[in-house]
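Subject: Structure for your review

Dear colleague,

Please find below the structure I wish to hand over to you. My notes on what was found in it follow directly after.

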Amino acid sequence: MTGLIGHRGGRNVWPENSLDGFRRLLHVPVEGVEFDVHLSDAGELLVIHDATLDRTTEGSGPSRALTPEARATLRLRDSNEGVPVLSGVLQIYADSTLDLHVELKNDGEGKAYPGLPALVLAEIDRLGLRDRCCLTSFDLDVLRECRDLAPQMRRLCSVNDNSAQKLGVRETISAAAELADYVAVHKDMLSTHWDAITTLVPLSRLGAWVANTPEEINRWLEAGPAFITTDEPVLADRLRRARLDAGEAAQA
């Protein structure tokens, strides 16, 4: 069965990368959650997608410049909560069974944060969650660093048109498949290059992101990759259950 991963906690349903959204996802029968980590100049592991605060918070400026004092009063858009830190998100899921896709982001210039993999790994180890976490990145060098630090820990390489520009689609997918346990490909690229990609990566190691409409979700459920990452986890669960029920009815 194709698994479902709540993208940024399920950002079309609840505020993106919010503690409230992460808690609510616990009540949806999905297999995992995905969230993003930036390193602030103050050394905090911020759970926020963008390299700037402007889109998802009431503030502005580089995410990395957010101080602990400012974070205490800054609020996410459409929420009374602030920007979470990694420890808070991990604690929410510590007693669950969900897979945790922890994406290591680069800074606003596209450069890797020095030492970020080690800092994230230390926080994961503090709660004993290595077996449930998958370190993810678009950056092959970041994933190599993850491999060197924790060779037995699962890794996932995300791929889209932008990240494949340098090497091309086939070479990027090949490098990702060699380095990571899973390769998650943007749905548009996956549609365009399906035959080439599935020649290089078996369905059991392939992910599709981000499928949000009923048509998209049903299409990828039918295609059968290992997982679908979605901003609409509630809808995706309902559609998957409907397909399973229909299959059981047909066999009755």
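Strand S5, which spans residues 133-137, is mostly covered, with five of its five residues buried. Please note that this is a predicted model. From S5, Cys133, Leu135 and Ser137 point one way, while Cys134 and Thr136 point the other way, and all are buried.

S5 has parallel pairings to two strands that are described here in turn. With strand S4 (residues 99-104), S5 pairs in the parallel sense over four bridges. Within this pairing, threonine 136 in S5 has glutamate 103 opposite. Between the two strands, the chain leaves S4, passes through helix H4 (residues 116-126) and arrives at S5, a β-α-β crossover that is right-handed.

With strand S6 (residues 154-159), S5 again pairs in the parallel sense, over four bridges. Here arginine 155 in S6 is the bridge partner of leucine 135. The connection from S5 to S6 runs through helix H5 (residues 140-149), and this β-α-β crossover is right-handed.

The helix of the S4-to-S5 crossover, H4, is also the place of proline 117. Is proline 117 buried or exposed? Proline 117 counts as buried because its relative accessibility is 3%, and the cut-off for buried is under 20%. Not counting residues up to four places away in sequence, proline 117 touches Leu104, Val142, Glu145, Cys146 and Leu149. A second proline, proline 225, is 108 residues away from proline 117 in sequence, and the C-alpha to C-alpha separation of the pair is 27 Å.

Further along the chain, helix H6 covers residues 169-179, and its buried residues are Thr172, Ile173, Ala175, Ala176, Ala177 and Leu179. The elements that cover these buried residues include H5, S6, strand S7 (182-186) and helix H8 (194-200).

A last point concerns arginine 71, which lies in helix H2 (residues 68-73). A polar atom of the arginine 71 side chain lies 3.1 Å from the backbone oxygen of valine 83. With neighbours within four places in sequence left aside, arginine 71 is in contact with Glu44, Leu46, Leu66, Val83, Pro84 and Val85. Valine 83 is thus listed among the contacts of arginine 71 as well as providing the backbone oxygen at 3.1 Å.

With kind regards

Technical notes
Residues are numbered from 1 along each chain as its sequence is written. This is a predicted model: local features need pLDDT of at least 70, side-chain atom pairs count only at pLDDT 80 or more; totals for chains, interfaces and linings use all residues. Side-chain values use heavy atoms; hydrogens and water are left out. Buried means under 20% relative accessible area, exposed over 50%, partly exposed in between (1.4 Å probe, protein chains only). Two strands pair if DSSP finds at least two bridges between them. A crossover is right-handed if, with the strands pointing away from the viewer, the path from the first strand over the helix to the second runs clockwise. Contact means heavy atoms within 4.5 Å. A polar contact is a pair of N or O atoms within 3.5 Å; within protein, one must be able to donate a hydrogen and the other to accept it, and residues adjacent in sequence count only if both atoms are side-chain atoms.
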